[in-house]
Amino acid sequence: MNQAIFDIQPVNRFGGSNTTIRRPKEIACFSYDQDRRFSLGDASIAYYYPPSLPADLNIGFDTFQKLNDAADEHLDALLDTIVAMEKETGRKCETDVVTWRGMMTKILTAPFDMMNGFEMNATCYQGTIFIEENNSYKNRQKELQRNQRMPPGMASQDLMMYWGYKFEVLSVLRKPWDPCTREEIENRQNEVVNNSAQYCSVVKTGMGSIRMVLGGEVDAVWDCKPDRKEDSIHWVELKTSAEIRNDRDMLKYERKLLKFWAQSFLLGVPKIIVGFRDQQGIVHRLEELDTAGIPGKVKKVGRGSWDGNICINFAAAFLEWLKQVIQGDGVWRIRKVEKSHAIEVFKVEESGHGDILSSTFKTWRETS
Ligand code: A3P
Ligand code: MG
Ligand code: MG
């Protein structure tokens, strides 16, 4: 097996603020509705409106309509959106990497997330590397997480997951605040929680010499999407987190901030609203975080358990290296084993592109 290895450690070699970053810019968007039907455009956009406090996140757990995401969706929705955009503009979307934001979050946080692993599939097509999550790995991880024993007195994994979605429902409106009636705002309490509906932003961004097109869900917009394409969008990421009671909780929260920051930074989401909840799932207070200020805060007032510059420099160096490794025909696996200090890349198929690229996408590119 021909294997290439990229060392994560020692991370200090990635220090300093010397990597150029391209500010993420939305180039297209798509939506899923409550029945998980795909459409181009912003049908499922949501508008932030603060929840009334205290907010009980347990209500309605018995009626939760949970999306079954076990099936492998590859990059299909993202590629459909790129095809539509290319048809509309008449220009090919030239970029080095196309992937979901979630994959890039795993790469960006790898220098400070020793515990977790990941598995992705990648292929090179017309000069672009396409990266998807390895679906069987994802399902295996979910199964392990589900079977994890919880300490006595702690809520189940399923209930805790529900809390996150319930918080989103309590914090957004389906249309801008202005024409909403008090009744509509208060009715959020009674809405059935369904996590199929999503708004996904497709952005052009980059690190170092690597240009990327990323697709990822955004929870809400603060005001409205601006009319002018060049103006940035005031996206809001919604998160819940356990109330911080001691030093240990503080360190746990600081580690969580790495994920919050990476996820939002990649799509250019400027603000994160954290709902702090108690052990029973009641949110008592909200905190607004400026995404750009999080790494500085962790370094200056926190424990300094991670460094955003190291993450960016590492990701840029890794992707530049990956561009040299993944060339020509075939499918590669990108893998980081839990607790390991390196990312391995090896070929799993000698020819073709596996199922990473949809036939719609290939047909379009081959005939245009
Ligand atoms: P919290 O983040 O408030 O816990 P996102 O924050 O990315 O918009 O995701 C919304 C919610 O989906 C999360 O809310 C959480 O409830 C659930 N979720 C997302 N990723 C998850 C994961 N890897 N494991 C379990 N639940 C997850
Ligand atoms: Mg979300
Ligand atoms: Mg969220």
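The UniProt annotation "domain: RAI1-like", from an unreviewed entry, covers residues 22-362. In this predicted model, the chain over residues 22-362 is 31% helix and 28% strand. The C-alpha atoms at the two ends of that stretch lie 28 Å apart.

Ligand 1 is surrounded by Met161, Gly164, Tyr165, Phe167, Asp219, Lys239 and Thr240. Two elements each give two or more residues to this shell: helix H4 (157-171) and strand S13 (235-242). H4 provides the largest share, four residues. By class, the shell around ligand 1 has three nonpolar, two polar and two charged residues. Met161, Tyr165 and Phe167 count as nonpolar. The charged members of the shell include Asp219 and Lys239.

Two helix pairs were examined next. Two packed helices are described by the angle between their axes and the distance between the axes.

The first pair joins helix H1 (residues 76-89) to helix H9 (residues 359-367). Their axes come within 9 Å and cross at roughly 25°. Angles under 35 degrees count as roughly parallel, so H1 and H9 are roughly parallel to each other. The crossing of H1 and H9 is left-handed. On the H1 side, the contact involves Leu79, Asp80 and Val83. These meet Thr360, Phe361 and Trp364 in H9. Four of the contact residues are nonpolar, one is polar and one is charged. The charged residue is Asp80, and the polar one is Thr360.

The second pair is formed by helix H2 (residues 101-109) and helix H6 (residues 247-267). Here the helices pack at an angle of about 130°, and the axes are 9 Å apart. H2 is therefore oblique to H6. The crossing of H2 past H6 is right-handed. From H2, the contact draws on Arg101, Met104, Thr105, Leu108 and Thr109. From H6, it draws on Leu258, Lys259, Ala262, Gln263, Leu266 and Leu267. The residues of this contact divide into six nonpolar, three polar and two charged. Arg101 in H2 and Lys259 in H6 are the charged pair by class. The polar residues are Thr105 and Thr109 from H2 and Gln263 from H6.

Note on methods: Residues are numbered from 1 along each chain as its sequence is written. Chains are lettered from A and ligands numbered from 1 in the order in which they are written. This is a predicted model: local features need pLDDT of at least 70, side-chain atom pairs count only at pLDDT 80 or more; totals for chains, interfaces and linings use all residues. Axes are lines fitted to C-alpha atoms, for helices over the stretch in contact, and angles run from 0 to 180 degrees between N-to-C directions. Angles under 35 degrees count as roughly parallel, over 145 as roughly antiparallel, 65 to 115 as roughly perpendicular and the rest as oblique. A crossing is left-handed if the near helix is turned anticlockwise from the far one by less than a right angle, and right-handed if clockwise. Two residues are in contact if their C-beta atoms, placed from the backbone, lie within 7 Å. A residue is near a molecule or strand if its C-beta atom, placed from the backbone, lies within 6 Å of it. UniProt positions are given in the numbering used here, feature names are shortened, and annotations may be inferred rather than shown by experiment.
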